[in-house]
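This report is meant for a reader who meets this structure for the first time. It moves from the whole chain to one helix and its surroundings, and then to some backbone details.

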Amino acid sequence: MLTEELVGKATLLLIGILLVCSQIGYATPNTSENQEKITITGKVVDSNGETIVGANVLIKGTTTGVVTDVNGNYSIQANQGDVLAFSFVGMVSQEVVVGTSNTINITLATETTDIDELVVVGYGTQKKVNLTGAVAAVQAEKLSNRPMTNVSTALQGLLPGVVIIQNSGQPGKDFASISIRGTGTLNNGSPMIVVDGVESTMNDIDPNDIENVSVLKDAASASIYGTRAANGVILITTKKGKNSPMKLSYSGYMGKQKPTRLPEYFESAEYAEITNEARVNMGLTPTYTAQQIQLFRDGSDPDNYANTNWQNLLYAGSGLQQSHYLDISGGTDKTQYMVSLGHLSQDGIIKLASDKRYNFRTNFNTQIYKNLHFGFNLSYSLSNVVEPTNPYTGDMAQIFRQVNRISPMVPYKYSDGLYGYINDGNPIAWMDLGATNNSKYNRGLANIFAEFEPFKGLKLKGNLGYTNTLDQGSMFVKDIQFYSFATKQPTLYQGPNYQRDYFGYDHTITLQSILEYSKTIANHSFVILTGYSQELSRSDYTQGVRKSFLNNELYELNAGSTVGQSVEGSASEIAMQSYFGRLSYNFKDRYLFEANYRFDGSSRFGKDYRFGFFPSFSVGWRVSEESFLKDNSYISNLKVRGSWGKLGNDNIGTYPSISAISLGQNYNFNNDVAAGAAATSAGNDQLRWEATEILDAGLDIGMFQNSLTLSADYFIKKAQDILMTLPLPATFGLSAPYQNAGKVENKGFEFQLGYKGKSGDFNYDVSFNTSFIDNKVTDLKGIDPIVNGIWFKKVGYPVNSFYGYEAEGIFNTQEEVNGHATQATGTGPGDIKYKDQNGDGVIDGDDRVYLGSPDPGIIYGLTISANWKGFDLSVFFQGVGDVKGYLQIEAIGEIGGNTSKPSSLWRDRWTPENLSQKFPRALLSSRTQNSASKNPSSFWVLNGSYVRLKNIQLGYTIPKKVTNKIGIDRIRIYYSGQNILTLTKFKNKGFDPEAPAGSRGNYYPQVMVHTIGVNINF
């Protein structure tokens, strides 16, 4: 709990991130008094001719200097023979001797090295050259080149060791799943997200607001965050103001979405033909005559012989999206500010699906006194996500499932306006109802910080953070009555209609105090940091439901019937208390050492196991600083590094250590229903922290003035005492408690290679990264395999593994069937042949084996960018390898009346005339020996590897001589394409290779987006 004493102290010591400001003093130049000064003027631009605002112009050897104004111009008085030094962050400095000319114009080139750039790490920054841990970083320009709707997908493919998979393109819910260096646990494996020093989420950040992103991958870099750092840490720093005149910039784009890939299904005539074939294969008579098949084909009687394209009816949304972003920034040497506003609007590729998002952010920092800084970061976002509902299950997913399931022989509407339907209804009729789930997500973050430096080297920092999320929704499900086309009488009714209003509120208060001391003595540099942190999180949820409204136009709760109404609510709290510290030592910028510790306490555990200790150590040797390499003209930087550390994880729910009492356990008492409560889940007061140890060895190389760079890492990541539930017999009576029961190991290699070059006005940059990850479960406490449908967990295999029979091909003759181990009754030529693993002559559950994993073993990304005289081009490829997919049921298509339809895969099916090994013979869905869901097998395991042209962008910057005439500093226009090309061997060409593993096709598809945009700086 936050005590009054701690809050009082925090108020006096509110702190945050130190913003390094350039402060230029003014003094009398060191020249002889009788020498006459001359006024030098000029302009400073970059290699593209763009104005550089705030560039330093200094008379070398003095403290006299100026900075360039908003137009890049400067004016300074100097003597002939003085040396003017021009510099700007990220640019190669230049020196010019003052002669007789009064005008000196300068072009600063971009630095080809990034080893001295500052990288954000836990509770501070470090020079990249001095890092001893495994940290990957992305700067703002890598993100700004891609107009993205969310941060998670913007990072995809840019960072080695970071696996990002996007399963959906739904507006407002297109966030990707992220894992760092493999799946490291058997429960929640998501990394920790820290925004401007406060734990948060990346879902509410406008990508335009980001200054840089750092990913802490090994224990040495992440252990200072302790809890929740076992799966890695992603640090996001937003843009800040700078010491420069006020700048106003605008970015906007408009685009159109469409599905990347949609499944192909048989039309009615072809479906009728394969249905006849399937019935004959099962010894039944055909259903359709040649005349009926022709009626399906020519469309002359659509009421009785329909040929409905359900996909065309569903994917009728505009798919339009637009984004607008405006930011104002600037400041003086003492105070800096940034304010931004953003808006994103997306209309779905289906009707009734949309997202309207608004973002606001302001960052402020000021120097109150010489040794006291104060600042705050405030952000707010509102996202209004709308999606259709249905009267059968209520959710949107069922609409996609039914569209991929309902037969083309079923009319969307008959000629008299009545809807066609199956037993589950009509998915487009549901869409026509216009019923929606309207969710409003309000997210806010406030972070107040201060820094006090009583004397040089000692800094006392304080930080008070507050985050909140308010999810408010209104879900109305309309009822529908279907009628018989023949009799016009009511038949299938789906209802009743109902309204659900829900309200969820989560908030977290975080308090941090940090003491940091840095000192350099001769060749020895030390930084010592120690800190304290505590946080309290609370979640509240309330919902009310009423049913049976008078009609589908009234939907406020009061208009519904009180019969069957329900109200429910819940609340929970989680508290954390932590002590942490770091010691960094540097000798001659050559020998590097760092040690971290974190001592965490969590309310999730019992009092005897509440705290965990998580240390780490790392070392580095900059070989390039040794005398035998110092003057080498080829090797600019060479560093070897190694680390070991331990991380903790407690992300398993709210109260796993105690047996929970649940309300709503009603019972009969005296012939009446009485409210009751009972224990429904077992607790475990012996639970302790899940721990992950990571060993890392790395190598960083820079050659030819660091124009060529290589970074390589090998890691071993072992999780033990994994928090999980294990199967228990039903006689236990309660849900299984969490235990420290499992172990998981990940190991692999990571590589990042980059090259920057220039030829005249042509500049180019190539960056490639790849990772190889091997994941496996190493212990399940003797209880394995744990089987769940097509999935299983077993020692020696990946955490996420497909499970089933090994297919040996397809039977071609009855003799092959007779000579093989006994399979299901009715097995014949054209059916899948399963391997008898144990040799007992019978194919049963004991013959099931590992079939592959949906988690990629190889990930990679390639970025190529170039610019020439105002034109710029960037191309970004992203891909994965050694990954499997598994599609089933509707995703493949079945044969069986109005509730199924075959996909185009069935065109390669086995027949006596076509002994295909690509697809089994046609059978009705009632026959399960070839079923991908009832008999999972390697036959249905697909190669999920792909290479995707994730983004291509072509831009042009209008010459300054044109824009200056209208008072604008810079205008850039561009075209961008997202997900425009995918190369894959995925078996079903209609489904995206990033589709959810084991999918039935009941998800919003990935989208391709073409956009036109503009960037304007005023």
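## From one helix to the whole chain

The model is predicted, and a good place to enter it is helix α6, where the buried residues pack against α5 (268-281). Before that helix is taken up in detail, the chain as a whole deserves a description.

The secondary structure of the protein chain comes to 12 helices and 52 strands. Its radius of gyration is 32 Å, close to the 31 Å that the globule rule gives for 1018 residues, so the chain is as compact as a globular protein of that length. Taken along the principal axes, the box filled by the C-alpha atoms is roughly 115 × 65 × 65 Å. Of the 1018 residues, 51% are buried, and the accessible surface comes to about 44300 Å², with 55% of it belonging to carbon and sulfur atoms. Among contacts between residues at least 6 apart in sequence, 69% join residues that are at least 24 apart. The chain carries 88 positive and 95 negative charges, and the mean positions of these two groups are 3 Å apart.

### Helix α6 and Tyr305

Which residues of α6 are buried? In this helix, which spans residues 290-298, they are I293, L295 and F296. These three residues cover an arc of only 155 degrees around the axis, which puts them on the same side of α6. On the other side of the helix, A290 and Q291 are exposed. The buried residues, for their part, pack against α5. After the helix comes G299, whose phi is positive, near 70 degrees.

The loop between α6 and α7 (310-314) holds Y305. Is Y305 buried or exposed? With a relative accessibility of 17%, Y305 counts as buried, because the cut-off for that class is under 20%. Leaving aside neighbours within four places in sequence, Y305 is in contact with Q292, L295 and F296; two residues in this list, L295 and F296, are also among the buried residues of α6. The C-alpha atoms of Y305 and V280, which are 25 residues apart along the chain, are separated by 22 Å.

### Backbone details in loops

Most residues other than glycine have a negative phi, and most peptide bonds are trans. Against that background, the following places in the chain can be set side by side.

| Place | Backbone value | Loop |
|---|---|---|
| G495 to P496 | cis, omega about 5 degrees | P496 between β25 (490-494) and β26 (498-521) |
| D784 to P785 | cis, omega near 0 degrees | P785 between β39 (762-779) and β40 (786-788) |
| A522 | positive phi, about 55 degrees | between β26 and β27 (524-547) |
| Q705 | positive phi, about 60 degrees | between β36 (690-703) and β37 (708-725) |

Two entries of the table concern the peptide bonds that lead into P496 and P785, while the remaining entries concern A522, which is not a glycine, and Q705, which is not a glycine either. How exposed is A522? Its relative accessible area is 69%, so A522 belongs to the exposed class, for which the cut-off is over 50%. Q705 is likewise exposed, with a relative accessible area of 60%.

Methods:
Residues are numbered from 1 along each chain as its sequence is written. This is a predicted model: local features need pLDDT of at least 70, side-chain atom pairs count only at pLDDT 80 or more; totals for chains, interfaces and linings use all residues. Side-chain values use heavy atoms; hydrogens and water are left out. Buried means under 20% relative accessible area, exposed over 50%, partly exposed in between (1.4 Å probe, protein chains only). Helices (H or I, at least four residues) and strands (E, at least two) are DSSP runs, numbered from the N terminus. The arc is that of the directions from the helix axis to the C-beta atoms. Contact means heavy atoms within 4.5 Å. The radius of gyration is taken over C-alpha atoms; the globule rule is 2.2 Å times the number of residues to the power 0.38. Accessible areas come from the Shrake-Rupley method with a 1.4 Å probe; for residues, only the protein chains shown count as cover. Lys and Arg count as positive and Asp and Glu as negative; His and the chain ends are not counted. The place of a charge is taken as NZ of Lys, CZ of Arg, CG of Asp or CD of Glu.
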